[in-house]
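Reader: I have a structure open and would like help reading it. Where do we begin?

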Number of protein chains: 2
Amino acid sequence: MIDAVNSFAPTEQRLAVTCRRHPAFPREPAVLVRLVKHLYKRLHDDANALLKPWGINHPEYNLLMMLYGTEGYTLSPSQLAAAAGEKSANITRLTDGLCDKGLIERTASDEDRRRIALTLTGAGVAMIKGFLPDVCTLLERQTSGLQPREAAQLEKLLKKFLDHLEQA
Amino acid sequence: MIDAVNSFAPTEQRLAVTCRRHPAFPREPAVLVRLVKHLYKRLHDDANALLKPWGINHPEYNLLMMLYGTEGYTLSPSQLAAAAGEKSANITRLTDGLCDKGLIERTASDEDRRRIALTLTGAGVAMIKGFLPDVCTLLERQTSGLQPREAAQLEKLLKKFLDHLEQA
DNA sequence: AACAAATAGTACATATATGTATAATATACG
DNA sequence: CGTATATTATACATATATGTACTATTTGTT
């Protein structure tokens with residue numbers, strides 16, 4: 001093993017001290033919340049680094065991918081917000097940038113005048129096809145430490161965690 | 001069941017379409033990355049909301065807790081960055097704010113003149129003791145959908161995921 | 001001993017993200 | 001039908017976060 005030092009150890013150590021001082025402090029939830037945060041920061045940074053040469057950042061990439069996975073490559077800002085996990089104001093800011101880059105376009109909705117339709121352009125589709133191989137490699141590398149069975153179990157548990165958060 | 005609609009469904013649906021279009025697209029890693037992101041955003045927002053009446057935000061809370069869990073309530077900025085999972089420039093900005101609020105103080109290090117010692121003040125310790133009950137309640141509620149065995153398994157898998165990210 | 005390389009922490013310009021007010025429009029209700 | 005309520009999307013002021021250059025200092029190397 002190259003280097004078994006666990007980057008989470010400094011965090012866990014401090015939580016252990018807090019638990020000794022306050023036996024009622026819920027160690028497990030505190031550990032889980034911080035693991036999610038550390039993972040998120042790392043995954044976010046790695047994706048930003050890979051996408052930088054393509055002139056987009058991780059959230060922009062995510063929006064493009066959610067449109068790409070939709071019939072007609074089209075979603076409204078509200079739908080895109082839900083699919084991408086972004087606040088509505090951020091959707092406006094991010095989609096402004098993607099429009100400026102010519103990767104998506106905004107058009108009025110036929111059925112509801114309050115709504116806007118966001119659609120991938122030809123350039124947007126081309127860019128996705130361009131970076132997909134690199135992104136696939138990154139994604140595979142990020143989770144290569146997990147066996148398929150473990151990844152499936154992790155998915156199940158993360159979903160359960162998320163579902164319950166949303167019922168509170 | 002009150003409302004079984006799964007907030008992650010819009011995301012997963014789009015990933016499924018992408019996988020059909022690109023069989024080599026790694027669905028499992030893409031799902032895991034987005035579950036982590038959705039969880040992080042939600043956990044972050046909930047903590048910010050709870051802490052707002054205390055005049056601090058989630059990252060500031062986290063720094064206070066890492067100091068609280070340390071001998072003498074003292075860490076250097078580098079150590080705090082590692083424990084809290086924050087970039088060094090953010091540590092400077094956040095600790096500036098906590099100093100302004102009188103919750104921590106900066107002093108020179110005896111053993112290394114490049115270093116600074118960050119220490120909780122009496123007011124900082126008092127604030128932690130003040131909000132801990134509410135934070136404990138939030139933490140317990142956030143993970144109450146998971147059985148203890150599931151939470152332990154989730155911790156193990158998240159650690160494995162994180163460890164591997166850091167060996168890349 | 002002298003110099004090179006690395007580390008610690010910060011300043012600051014820039015990037016990213018958000019809360020909330022607002023206007024326009026659709027839907028619900030009496 | 002008229003009015004109230006909810007929804008959609010955005011503007012914009014503010015909050016949060018970061019990359020990188022820099023200075024001071026420590027450690028490593030020759």
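Author: Begin with the surface near DNA strand C. α5 (88-100) of chain A, plus α4 (77-84) and α5 (88-100) of chain B, each supply at least two of its residues. Helices here are DSSP runs (H or I, at least four residues), strands are E runs of at least two, and both are numbered from the N terminus. This is a predicted model: local features need pLDDT of at least 70, side-chain atom pairs count only at pLDDT 80 or more, and totals for chains, interfaces and linings use all residues. Residues are numbered from 1 along each chain as its sequence is written, chains are lettered from A and ligands numbered from 1 in the order written, and side-chain values use heavy atoms, without hydrogens and water.

Reader: Which residues come nearest to DNA strand C?

Author: A residue is near a strand if one of its heavy atoms lies within 4 Å of it. There are 19 residues around DNA strand C, and Arg93(A), Pro77(B), Ser78(B), Arg106(B) and Arg114(B) come nearest. Sugar and phosphate make up 77% of the strand's atoms that come within 4 Å of the protein.

Reader: How do the residues of that surface divide?

Author: Eight are charged, six polar and five nonpolar. Asp, Glu, Lys and Arg count as charged; Ala, Val, Leu, Ile, Met, Phe, Trp, Tyr, Cys and Pro as nonpolar; the others, Gly among them, as polar.

Reader: What do Arg106(B) and Arg114(B) touch on DNA strand C?

Author: Look for polar contacts, pairs of N or O atoms within 3.5 Å. Arg106(B) puts a polar side-chain atom 2.8 Å from a phosphate oxygen. Arg114(B) has one 2.8 Å from a base oxygen. Ile116(B) uses a backbone N or O atom, 3.0 Å from a phosphate oxygen.

Reader: Now the rings. How many aromatic pairs are there over all chains?

Author: Rings of Phe, Tyr and Trp (its six-membered ring) pair if their centres lie within 6.5 Å; planes under 30 degrees apart are stacked, over 60 edge-to-face, the rest tilted. The count is seven over all chains. One pair, Trp54(B) with Phe131(B), is edge-to-face, at 6.0 Å between centres and 80° between planes. Its partners are 77 residues apart: Trp54(B) sits in the loop between α2 (27-51) and α3 (58-68), Phe131(B) in helix α6 (residues 122-142).

Reader: Is Phe131(B) buried or exposed?

Author: Buried means under 20% relative accessible area, exposed over 50%, partly exposed in between (1.4 Å probe, protein chains only). Phe131(B) has 0% relative accessibility, so Phe131(B) counts as buried. Trp54(B) has 29%, so Trp54(B) counts as partly exposed.

Note on methods
A polar contact is a pair of N or O atoms within 3.5 Å; within protein, one must be able to donate a hydrogen and the other to accept it, and residues adjacent in sequence count only if both atoms are side-chain atoms.
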